[in-house]
Amino acid sequence: MKIIIGVAQTPFVRQGSEDLAELLQQALGHFGHQADIVRIPFGWNPLERVLDHVVACELMNWHDHHGVLGDVLIALDFPVTLIRHPRKVVWLAQSRRIPSSHDRSPLAATIRDACREAERFALEEAERVFTISTLVSHRLRKETGVDATPLIPPPPRPEIFYWDRAEDFVLVPAEMRPPERLELLLRAMVRTHERIHVHVCGAAGDSVLGEIPMPEAKRRALEERIRWLGEVSVLDLSHLYARARAVLFTPREEPGSRAILHAMIASKPSITCYDSGAPAELVEHGVTGWIVEPDPGEIAAVLDGLWRDPDTARVRGMTARSAFEALPLDWEHVLGRLLGSAAAPTPESPTHATP
Amino acid sequence: MRVVIATVQVPFARGGAEILAEDLHEAVRVRGHQAEIVNIPWKWFPAESLLDSMLAFRLLDLSNYVDGAIDLFIGLKFPAYLIRHPNKVYWIAHQHRLAYELWDHRYGLSHDPLGALARDAIHEADRTAFREAERVYTISQNVSDRLEEFLGVGSRPLYPPPRRAGEFHCRPPESFLFFPSRIAPLKRHDLMLEALALTRERVRVRCAGVGDPESHLSEMRRKAEDLGVADRVEWLGWIPEAELIGHYATALGIVYHPFDEDYGYVTLEAMLASKAVLTCSDSGGSLEFVVHEQTGLVAEPTPEAVAASMDALWGDRELARRWGAAGRRRYDSLRIGWDHILEELLR
């Protein structure tokens, strides 16, 4: 089948849904489909333009397209979900909205209402509606009343993640949003009794350390226990996971699961927060890791525990691996849900692209 | 600078337009700017859908995003250039032909009940869009002439260079003419074969390219057999770029006579390799570059005329060499290069 994967595009800003789109495209190709990614420009900023772009999507009517516009449209983002297509499947990667804290103007309220109505209508047109996590499903129901089943995307390159003997560091495998969550970790590290080390991946966070008021000596001591790794390739990431004592990932309301899924594959326990979103849906407190309040003291206690009682960490890591294997988390399953039972023919063996 | 390159696409199809957008994107980034391609699919049939699409594009606004302004908008196609932005330039390959010179064509708008309405709307939208642009460029004089004729709009041609332009080179010629192109009906390999059957000299032609569709290649092979010229034609199929460049380098001359092509990358590649070009009077884009009896020959699209042009080159290697060298000089004089293109677009 020819499948169009639709994402929103904010120029010069890479979307999370873009990563998912690429994985989905690869998976579809592996199962014998032709998939193309299509991007529609959209952003919540400036607010005045939002409705114009929403209407633009509603005007895109891809019915009766004589095979030109794909047999199926898989829409990952609002407002691509609004495009009319005879076979539309929605797999919402995020529930972006005007952050209500940022704008309480009458205009914002009008726009929020209009988007809600537009989305409700558009989702009714879809064959099937999924989201990538329970968090996104809850938000969607709250905003539009629409029920959507969470369908977790498999993480990238699961086959390269592995277990190795733990070294003396905790891994933060990706940027944690909002930035205050990194600060939370740093404050926790100040309070630990043991000399906890962390390796932090993602865009430079060392500036965050500079902004926390503390005596210089303390700052320098803390700096020695942190390695800022920046952007890390997925291959290097697999080695980091392998040798970590545990994975710490404590964002707020994160829609995606890959950080924790990779930890589970690598048989490592995870530390996350109650309000972390998808990560908290995957970790089982006391079984495969720890779920705590976003509080420096609580996090510090868990970190100290890792050093004092490495066996518990190891056992929870092994249990996390078993939990992963019990999940139906492979692309064959996911594509089957997205496309319906006719979806997934046997995967083709890798072919070289014909010129 | 932050630059957005806006175009439209037909999903699953990949052609010259996609390559142009990508090459432009790369060229802009290489010079230290930030660039992003906005490439939106659309449905242009029936006319009602076309009108909706036009409105949709008109509602899009790329003036700024998130944390700042987008400095420049480069529109490559209708209706992408309808998108709003305060600083637009266009670099277009053609207008929406079904509303212009292909109005009466099989798929033209004249056959749609709303066709006249859509055509008028397109003409009006184009007029507005061209007024909005700071500057309008095209990829050929041909297209500029049409813009002038239909809409009274002035525009300047900016020729995109072929990929890997720097790698083309010239070597002492062997005994074959090179015909690099997909084996598709519009490329007219049948004309070449019929001409080959009429040549006085024992002209040989080497063809590189896939069948598009495959059945057409089989048909051409059969035709070669039927005409008794199969022993003088080589069908190389698909070959990698490096090999292609090698064949250009050692060819006696290049045969390229498609029907009414937009542009003429093959012609430019031939000129880069300092080789004479044999083309036809209805070949479109190549006519902008080939100068009759100076850099090659422009023949009537008949087997007799094409045969005569092949014989002329085959029988006089010195002539072939001279015309090839002149072709190279002409290429250099046309300022076909990304530096010049970006100088204009980013002004």
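These legends describe close-up views of a predicted model. Residues are numbered from 1 along each chain as its sequence is written, chains are lettered from A and ligands numbered from 1 in the order in which they are written. In this predicted model, local features need pLDDT of at least 70, side-chain atom pairs count only at pLDDT 80 or more, and totals for chains, interfaces and linings use all residues, while side-chain values use heavy atoms and leave out hydrogens and water.

**View 1. A six-stranded open sheet in chain A runs in the order β2-β1-β3-β4-β5-β6.** Its pairing is parallel. Strands are DSSP runs (E, at least two residues), as are helices (H or I, at least four), numbered from the N terminus. Two strands pair if DSSP finds at least two bridges between them. The edges are β2 (34-41) and β6 (149-150) of chain A, each paired on one side only. Strands β3 (residues 72-75) and β4 (residues 88-92) of chain A run parallel, joined by three bridges. Opposite Ala75(A) stands Val90(A), in β4(A).

**View 2. Helices α1 and α13 of chain A meet strands of this sheet.** Contact here means heavy atoms within 4.5 Å. Helix α1 (residues 16-30) of chain A packs on the sheet and touches β1 (2-9), β2, β3 and β4 of chain A. Its direction makes about 170° with that of β1(A). Axes are lines fitted to C-alpha atoms, for helices over the stretch in contact, and angles run from 0 to 180 degrees between N-to-C directions. Helix α13 (residues 331-339) of chain A lies across β1, β3, β4, β5 (128-131) and β6 of chain A. It runs at about 140° to β5(A).

**View 3. A second open sheet of six strands has the order β9-β8-β7-β10-β11-β12 in chain A.** Here too the pairing is parallel. Strands β9 (226-230) and β12 (289-292) of chain A form the edges. From one strand to the next, the twist averages 20°. Four bridges join β8 (residues 198-201) of chain A to β9(A). Val198(A) has Ile226(A), in β9(A), as its bridge partner. Helix α8 (residues 234-243) of chain A lies across β7 (170-172), β8, β9 and β10 (246-248) of chain A, at about 155° to β8(A).

**View 4. Chain B and chain A bury about 2,900 Å² between them.** Buried area is the accessible area (1.4 Å probe) that two parts lose on being put together, summed over both. Of this area, 69% lies on carbon and sulfur atoms. Phe12(B), Leu59(B) and Tyr65(B) supply 25% of the area that chain B buries against chain A, more than any other three residues. The contact takes 32 residues from chain B and 37 residues from chain A.

**View 5. One salt bridge is found across the interface of chain B and chain A.** It joins Asp61(B) to Arg49(A), with the closest N and O atoms 3.1 Å apart. A salt bridge is a side-chain nitrogen of Lys or Arg within 4 Å of a carboxyl oxygen of Asp or Glu. On the side of chain B that touches chain A, the elements giving two or more residues are β1 (2-9), β2 (34-41) and α2 (47-59) of chain B. β2(B) gives the most, with eight residues. The residues of this side divide into 21 nonpolar, six polar and five charged. Ala, Val, Leu, Ile, Met, Phe, Trp, Tyr, Cys and Pro count as nonpolar, Asp, Glu, Lys and Arg as charged, and the others, Gly among them, as polar.

**View 6. A salt bridge links Arg39(A) and Glu18(A).** The N to O distance is 2.6 Å. Arg39(A) sits in strand β2 of chain A and Glu18(A) in helix α1 of chain A, 21 residues apart. Over all chains, a search of the whole structure finds 42 salt bridges.

**View 7. Three loops hold backbone features of note.** Most residues other than glycine have a negative phi, and most peptide bonds are trans. A cis peptide bond joins Arg177(A) and Pro178(A), with omega about -10°. Pro178(A) lies in the loop between β7 and α5 (180-191) of chain A. The bond from Phe45(B) to Pro46(B) is also cis, with omega near -10°. Pro46(B) lies in the loop between β2 and α2 of chain B. Phe12(A) has a positive phi, near 70°. Its place is the loop between β1 and α1 of chain A.
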